[in-house]
Amino acid sequence: MNRRNFSRMLALLAVSPNQSFGNINKKDRIVVIGAGIIGSSIAYHLTKMGAEVTVIERDLPAAHASGKNFGWLHASYPTKPFSFHHLLKLSLLAYQNLETEIDIDIHWGGSFEWSASKENQKILTKEIEIQQGYGVPISMINGKQAHELEPNVEFDEEISIAFSKLDGAVDANEVVKKLLKKTISHGGRVLYPVTYKNIKTKNGKIAAVKTSVGEIEADQVVFACGGDTDELLKIDILNKSKPEIILRTQPMKKIINRVIVHPSFHIHQQKNGVVTIGATNPMADTSVGNLQGAPISHSDRLALMPEVFPDVALEKRHAEMILTIAQQFIPQLEAVKLKDIVIGWIPSTHNGGPVVGHLKNIPGAYIATTNSGVTFAPIIGELVAKEILDRTNINLLEDFRPDHFI
Ligand SMILES: Cc1cc2nc3c(=O)[nH]c(=O)nc-3n(C[C@H](O)[C@H](O)[C@H](O)COP(=O)(O)OP(=O)(O)OC[C@H]3O[C@@H](n4cnc5c(N)ncnc54)[C@H](O)[C@@H]3O)c2cc1C
């Protein structure tokens with residue numbers, strides 16, 4: 001599907017029982033809470049369609065999951081329900097639009113993924129077969145074929161690798177910054193640090209948003225608060241977030257072309273030469289000895305959901321551990337100079353995907369949160385903006401409504 005057909009198809013997805021398409025409520029004042037990648041994408045699309053938008057952010061744009069993630073744009077999973085898989089695919093197409101609209105560095109080229117355990121490898125192979133049935137350009141290749149495509153990587157010749165051709169990678173920090181820059185150039189406002197406190201209603205409708213800096217008049221409010229959604233709205237749609245360590249290097253010469261999802265770590269390289277490496281719990285169950293200021297047990301360290309390490313020595317040990325594993329596989333990584341070492345907390349929903357739609361108990365309030373938010377951000381931003389402004393329901397989002405989970 002090309003980009004023009006993609007835009008036409010999005011228009012057809014809308015169902016407007018009472019209103020014709022294009023009857024846009026541009027006059028509504030919309031407040032978006034949260035300047036992560038989801039809130040930023042919604043704000044961008046709303047302002048592009050002509051709405052009056054204010055984004056408020058408690059910390060900094062992309063301060064949490066949206067600035068501390070791996071950035072893999074994946075079409076390759078999951079497979080159920082089909083709408084989930086379909087949304088992922090549409091989002092990759094939407095990224096092609098964004099690439100030129102907001103000028104972001106997307107490294108297309110596909111991904112390689114395999115598993116260490118035989119059992120998980122069987123599951124992966126089965127999922128690939130289902131996706132092939134959907135027409136996804138994905139196949140199993142062996143280590144030798146993979147090495148021909150990635151000559152700087154030492155693959156075990158015997159392994160079977162899922163090669164998904166559509167996948168890509170971004171620096172989500174850059175995506176958020178550019179989405180917000182365009183939002184502002186479309187006339188929107190982005191305010192931080194400003195914390196959402198409550199909603200003020202009048203005659204059963206939203207009149208304003210109460211914040212740490214006073215009231216902001218509003219007709220509609222979008223909650224795009226990632227991992228804070230449950231606490232803020234007193235609902236239960238999220239699992240406990242899990243941590244992952246993300247390393248980013250200084251730009252270096254090109255060594256890999258694809259996203260590589262090795263069982264112990266994952267890695268990709270942007271067009272600008274920056275290599276991003278992610279790994280889960282490389283030091284789980286280890287003691288940190290007598291490092292000053294560091295809680296001794298791993299679980300104690302994690303209980304407070306830190307986003308940075310308690311001290312430089314511990315940070316260095318984590319990074320060295322990840323790099324040692326990665327260098328055995330990609331020897332040229334010995335030359336890396338690290339720029340960032342961060343801990344990201346992965347927000348995840350009970351349904352494993354998006355939760356998007358109006359909140360029945362607060363007229364004018366909309367919720368948008370999801371797993372794999374980097375991949376989903378463009379399509380969620382575009383469809384949510386259409387739903388809010390056209391006052392329509394888009395069929396494709398019906399499987400992901402909050403009332404299924406709240
Ligand atoms: C380590 C890691 C790796 C990941 N890898 C991938 C990947 O490879 N591919 C992929 O697709 N996804 C990945 N993800 C998931 C993805 O990063 C998230 O799904 C996405 O960033 C969520 O975006 P968000 O805007 O919903 O939430 P967030 O980025 O958390 O943004 C929500 C914002 O709301 C703000 N907020 C909260 N409460 C308030 C309040 N009261 N007032 C004002 N503002 C408030 C917060 O400060 C925050 O900035 C990864 C995540 C992590 C952590």
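This text walks through a predicted model, from overall make-up to single residues.

Start with the whole chain. It has 406 residues, and 40% of them count as buried. Its secondary structure comes to ten helices and 22 strands. Among contacts with a separation of 6 or more, 69% join residues 24 or more positions apart.

Next, confidence. The average pLDDT of the chain is 89. At least 70 is reached by 88% of the residues. Two stretches need care. Over residues 14-23, pLDDT stays under 50. The model still has 16 contacts for residues 14-23 beyond four places in sequence. Residues 285-295 also have a pLDDT below 50. Beyond near neighbours in sequence, residues 285-295 have 18 contacts in the model. Where pLDDT is low, predicted coordinates should not be read in detail.

Now the interior. The largest nonpolar core holds 95 residues. Val32, Ile33, Ile42, Val222 and Ala368 have the most contacts inside this core. Helix 10, residues 373-390, gives the most to it, with ten residues. Where does the core lie with respect to domain 1 and domain 2? Domain 1 covers 3-90 + 172-239 + 351-404, and domain 2 covers 109-166 + 240-346. Both give residues to the core, so it lies between them.

Ile42 gives a view of the core from one position. Leaving out residues up to four places away in sequence, Ile42 touches Val32, Val222 and Ala224. Ala368, Gly381, Val384 and Ala385 are also among the residues that Ile42 touches.

Turn to the ligand. There are 42 residues around it. Which of them come nearest? They are Gly34, Gly36, Gly226, Gly344 and Gly373. Four elements each give two or more residues to the shell around the ligand: helix 2 (37-48), strand 15 (242-249), strand 19 (338-346) and helix 10. By class, the shell has 18 nonpolar, 18 polar and six charged residues. Domain 1 and domain 2 both give residues to the shell, so the ligand shell lies between them. Helix 10 thus appears twice: it gives ten residues to the core, and it gives two or more to the ligand shell.

Some backbone details deserve a look. Most residues other than glycine have a negative phi, and most peptide bonds are trans. The bond joining Tyr192 and Pro193 is cis, with omega about -5°. Pro193 lies in the loop between strand 10 (189-191) and strand 11 (196-202).

Asn203 is in the loop between strand 11 and strand 12 (205-211). Its phi is positive, near 50°, and Asn203 is not a glycine. Is Asn203 buried or exposed? It has 5 C-beta neighbours inside 10 Å, so it counts as exposed.

Lys234 also has a positive phi, about 55°, although it is not a glycine. Lys234 is found in the loop between helix 7 (229-233) and strand 15. Lys234 counts as exposed because it has 7 C-beta neighbours inside 10 Å.

Finish with Ile255. This residue is found in the loop between strand 15 and strand 16 (259-261). It has 19 C-beta neighbours inside 10 Å, and the cut-off for buried is 20 or more, so Ile255 counts as partly exposed. Beyond four places in sequence, Ile255 is in contact with Asn152, Gln269, Ile330 and Gln332. Ile255 and Pro151 are 104 residues apart in sequence, with their C-alpha atoms 8.6 Å apart in space.

Note on methods:
Residues numbered from 1 in each chain as written. Predicted model: local features only at pLDDT ≥ 70, side-chain atom pairs only at ≥ 80, totals over all residues. Core = buried A, V, L, I, M, F, W, Y, C linked by C-beta atoms within 7 Å. Buried ≥ 20, exposed ≤ 12 C-beta atoms within 10 Å, placed from the backbone. Domains from an automatic or database assignment. Contact = placed C-beta atoms within 7 Å. Near = placed C-beta within 6 Å. Nonpolar A, V, L, I, M, F, W, Y, C, P; charged D, E, K, R; others polar. pLDDT = per-residue confidence, 0-100.
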